[in-house]
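Colleague: I would like a close look at a single part of this model, with the rest brought in where it helps. Please explain each term when you use it.

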Amino acid sequence: MKYGEFIRKTAMGLALPLLIILAWFHASPGSSLVSSPGEVYDTIVESLQNGFLLENLLVSFSRVMQGFLYGSLAGLFLGTLTGVSARADRIISPFFHAVRNVPIVGWIPLFIIWFGFGDLSEIMLIAVGAFFPAVLNTYQGIHSAGRNYVEVGRIFNLKDSQIFRRIVLPSALPSIVTGIRISLSNSWMFVVVAEIFGVTSGGIGNMMNDAREAFRMNIVIMGIIAIGIVGLLLNQVLSLLERRLLVWRLAERKP
């Protein structure tokens, strides 16, 4: 990328955040509902220095990783099962598509009854957010695998396991990776909902909820900013992993 093009793209990317900050400066004076950018900045610096923000982020991140791991692995398994087995697809898919339309908050009373108030309920709620994208994208990726290539594999007398490993899985991998990215993004968003409705201590959601009850808008806004930044970093890490895993796909796109 040329230097001039890099500057242009950077400027375009910064334009909207700068406009939002300017509007924030304009709206904050004299308002009890919006803390000023300076006040939020001071809160962020102080919270980083005393470890308050980092401690809560680490608690939330731990819950997210556990829920994401459980939900995405279960989603990969179910998506693969329904993708390769027509019988499993006919039996499971109607129920799955009915259940996936339940809003995330609709699971909260059930999980509280099953798992009680605590980390486990929150982790399972996060797992639900990771589960459905993993299933859908894995299923779609397997079904979109080139049937012509599969037939070629059968002509060469490849076993079903070899066809899956050498033909279907590489073809489905881009869709599977996309599903994993969406699963992780959902997990990070749902941790706030899980922590707000839970009664455990620690976590970015609890921090924001306590600040809301105390009407400390500077901490609430700090939490929103932290969630956005961490979510962006997670997305960038997965984008890098995706480019490494699918390097062959990038090579195909080059003229």
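Is Glu213 buried or exposed, and at what relative accessibility?

Modeller: Glu213 counts as exposed, because its relative accessibility is 57%. Exposed means over 50% relative accessible area, buried means under 20%, and partly exposed lies in between, using a 1.4 Å probe and protein chains only. Residues are numbered from 1 along each chain as its sequence is written, and side-chain values use heavy atoms, with hydrogens and water left out. The model is predicted, so local features need pLDDT of at least 70 and side-chain atom pairs count only at pLDDT 80 or more, while totals for chains, interfaces and linings use all residues.

Glu213 also takes part in a salt bridge with Arg212, where the closest N and O atoms are 3.8 Å apart. A salt bridge here is a side-chain nitrogen of Lys or Arg within 4 Å of a carboxyl oxygen of Asp or Glu. Side chains of opposite charge can pair when their charged atoms come close. The structure holds four such bridges.

Another of these bridges joins Arg63 and Glu122, with an N to O distance of 3.3 Å. Arg63 is in helix H3 (residues 52-84) and Glu122 is in helix H6 (residues 119-143), so this bridge ties together parts that are 59 residues apart in sequence. Helices are DSSP runs of H or I with at least four residues, strands are runs of E with at least two, and both are numbered from the N terminus. Arg63 pairs with Glu195 too, and there the closest N and O atoms are 2.8 Å apart. That pair spans 132 residues of sequence, from Arg63 in helix H3 to Glu195 in helix H8.

Whereas Glu213 is exposed, these three residues are buried. Arg63 has a relative accessible area of 4%, Glu122 has 2%, and Glu195 has 0%. Together with Asp119, they are linked in a network of salt bridges.

Helix H8 (residues 160-197) also contains Ser175. Ser175 is buried because its relative accessible area is 18%. Apart from residues up to four places away in sequence, Ser175 touches Asn137, Gln140 and Gly141; contact means heavy atoms within 4.5 Å. Ala172 is in helix H8 as well, and Ala172 is buried at 0% relative accessible area. With neighbours within four places in sequence set aside, Ala172 is in contact with Gly141 and Ile142. Its C-alpha is 6.1 Å from that of Ala145, although the two are 27 residues apart in sequence.

Back to the part you asked about. Helix H9 covers residues 204-213, helix H10 covers 217-245, and Phe215 is in the loop between them. Phe215 has a phi near 55°, which is positive in a residue other than glycine. Most residues other than glycine have a negative phi. Phe215 counts as partly exposed, because its relative accessibility is 49%.

Helix H10 packs against helix H2 (residues 37-50): their axes come within 9 Å and cross at roughly 70°. That crossing makes H2 roughly perpendicular to H10, a label used for angles of 65 to 115 degrees. The axes are lines fitted to C-alpha atoms over the stretch in contact, and angles between N-to-C directions run from 0 to 180 degrees. On the H2 side the contact is made by Glu39, Val40, Thr43, Ile44 and Ser47, and on the H10 side by Asn218, Ile219, Ile221, Met222 and Ile225.

The surface has one more item to look at. Ile113, Trp114, Phe115 and Leu120 form a nonpolar patch with about 450 Å² of accessible area together. Such a patch joins nonpolar side chains (Val, Leu, Ile, Met, Phe, Trp, Tyr) within 5 Å, from residues with over 30% relative accessible area and no salt bridge. Helix H5 (residues 108-115) gives the largest share, three residues. Ile113 is in helix H5 and counts as exposed, because its relative accessibility is 69%.

For the setting, the protein chain has 11 helices and zero strands. Of its 255 residues, 38% are buried. The chain exposes about 15,500 Å², with carbon and sulfur atoms supplying 68% of it; these areas come from the Shrake-Rupley method with a 1.4 Å probe. Among contacts with a separation of 6 or more, 72% are between residues 24 or more positions apart.

Key
Patch = residues over 30% accessible without salt bridge, like charges linked within 9 Å, V, L, I, M, F, W, Y side chains within 5 Å. Parallel < 35°, antiparallel > 145°, perpendicular 65-115°, else oblique.
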